[in-house]
Amino acid sequence: YFGAIDVIAQDADAGSTFQTLKEKFIEGDWRFMSLVLICLILGLAFCIERIITLNLATTNTDRLLSKIDERLADNDLEGAKEICRSTPGPTASVLHEGLKNVGDGPEAVEKAIVSYGSVQMGLLEKGLVWISLFIAIAPMLGFMGTVIGMITAFDRIAAVGDLSPSVVAGGIKIALLTTVFGLIVAIILQIFYNYI
């Protein structure tokens with residue numbers, strides 16, 4: 001019973017935290033908040049695409065190598081190549097490239113694996129540049145919103161001629177909100193980037 005109450009309380013806290021974030025996002029300057037939101041959406045799209053692609057490219061390497069070793073132990077090079085061709089993923093294609101060069105000696109096999117492996121690595125890392133770009137741009141947009149918010153606050157001070165807190169509070173609040181959301185977006189995308 002008490003455990004259920006704790007879970008409900010935690011759900012209410014999570015809901016109120018999300019609601020607070022949503023309210024603060026709306027209170028921020030829409031020009032910079034929308035740019036930060038675009039960075040989040042595009043960054044998450046690239047992250048999800050990379051996670052799906054990498055999960056599809058995953059192969060049980062130990063099982064693949066044992067199947068190839070069995071074929072090679074039976075002097076069945078074509079069978080080993082067929083196993084590589086029929087197994088999806090970059091690991092199998094890199095091993096297939098090495099097996100194609102067996103007749104040219106160990107150095108040729110190693111060279112083929114290294115060169116084709118770098119090609120496959122480039123394909124697997126595709127899109128990471130965009131994620132790192134959004135990680136860098138989101139806080140910068142937040143800081144730009146902060147600077148513009150502070151300029152707006154000082155313009156209000158100059159226009160009113162008085163340094164009362166109510167005159168500058170709105171500009172400073174917007175300035176700080178854009179920074180917070182820029183940093184939140186960068187943190188979220190950085191976690192996904194490190195996972196990938």
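# Notebook: an all-helix predicted model

I began with Leu-35, which at 37% relative accessibility counts as partly exposed. The model I am reading is a predicted one, and I keep that in mind for every entry below. Leu-35 sits in helix α2, which covers residues 30-57. I then looked up how far its C-alpha lies from that of Ile-137, a residue 102 positions away along the chain, and found 9.5 Å between the two atoms.

**Overall build**

I counted the secondary structure elements next, and the protein has eight helices and zero strands. Read from the N terminus, the order is therefore α-α-α-α-α-α-α-α, taking helices and strands as DSSP runs numbered from that end.

For the overall dimensions, I noted that the C-alpha trace spans about 90 × 50 × 20 Å along its principal axes. The radius of gyration is 27 Å, whereas a compact globule of 196 residues would have one near 16 Å. I also looked up burial across the chain, and buried residues make up 30% of the 196 residues. Among contacts with a separation of 6 or more, residues 24 or more positions apart account for 70%.

On the surface, I wrote down about 12,400 Å² of exposed area, with carbon and sulfur atoms supplying 67% of it. The charged side chains come to 14 positive and 21 negative, and the centres of these two sets lie 6 Å apart.

**The cysteines**

How many disulfides does the model hold? The count comes to zero. Cys-39 is in no disulfide, as its nearest cysteine sulfur, which belongs to Cys-47, is 12 Å away. Cys-47 is likewise in no disulfide, with the sulfur of Cys-39 as its nearest cysteine sulfur at 12 Å. A pair would have to lie within 2.5 Å to count, so the distance of 12 Å rules this one out. I also checked exposure: Cys-39 counts as buried at 5% relative accessibility, and Cys-47 is buried too, with a relative accessible area of 0%.

**Arg-50 and Glu-125**

Is Arg-50 buried or exposed? Arg-50 is buried, with a relative accessible area of 2%, and it lies in helix α2. Because buried means under 20% relative accessible area, the value of 2% for Arg-50 meets that cut-off. Setting aside residues up to four places away in sequence, I listed what Arg-50 touches: Leu-123, Leu-124, Glu-125, Lys-126, Leu-128, Ile-131 and Ile-196.

I followed one of these contacts of Arg-50, Glu-125, and found that Glu-125 lies in the loop between α6 and α7. Glu-125 is partly exposed, with a relative accessible area of 42%. Glu-125 and Ile-196 are 71 residues apart in sequence, while their C-alpha atoms are 9.1 Å apart in space. Ile-196 is also among the residues that Arg-50 touches.

**Helix α5 and its cover**

Which residues of helix α5, residues 90-100, are buried? I noted Pro-90, Ala-92, Val-94, His-96, Gly-98 and Leu-99. What covers them includes α2, α3 (61-73), α4 (77-86) and α6 (106-124). As background for reading such a list, an α-helix has 3.6 residues a turn, so residues three or four places apart point the same way.

**Two loop residues**

Thr-58 lies in the loop between α2 and α3, and at 56% relative accessibility Thr-58 counts as exposed. I looked up its separation from Thr-91, which is 33 residues away along the chain, and the C-alpha atoms of the two are separated by 8.2 Å.

Asn-75 was the other loop residue I checked, and its place is in the loop between α3 and α4. Although Asn-75 is not a glycine, it has a positive phi of about 55°. Asn-75 is exposed, with a relative accessible area of 73%.

**Thr-146 in helix α7**

My last entry concerns Thr-146, which lies in helix α7, residues 128-160. At 16% relative accessibility, Thr-146 counts as buried. Leaving aside neighbours within four places in sequence, I found Thr-146 in contact with Ala-175, Thr-178 and Thr-179.

Note on methods. Residues are numbered from 1 along each chain as its sequence is written. This is a predicted model: local features need pLDDT of at least 70, side-chain atom pairs count only at pLDDT 80 or more; totals for chains, interfaces and linings use all residues. Side-chain values use heavy atoms; hydrogens and water are left out. Helices (H or I, at least four residues) and strands (E, at least two) are DSSP runs, numbered from the N terminus. The radius of gyration is taken over C-alpha atoms; the globule rule is 2.2 Å times the number of residues to the power 0.38. Buried means under 20% relative accessible area, exposed over 50%, partly exposed in between (1.4 Å probe, protein chains only). Contact means heavy atoms within 4.5 Å. Accessible areas come from the Shrake-Rupley method with a 1.4 Å probe; for residues, only the protein chains shown count as cover. Lys and Arg count as positive and Asp and Glu as negative; His and the chain ends are not counted. The place of a charge is taken as NZ of Lys, CZ of Arg, CG of Asp or CD of Glu.
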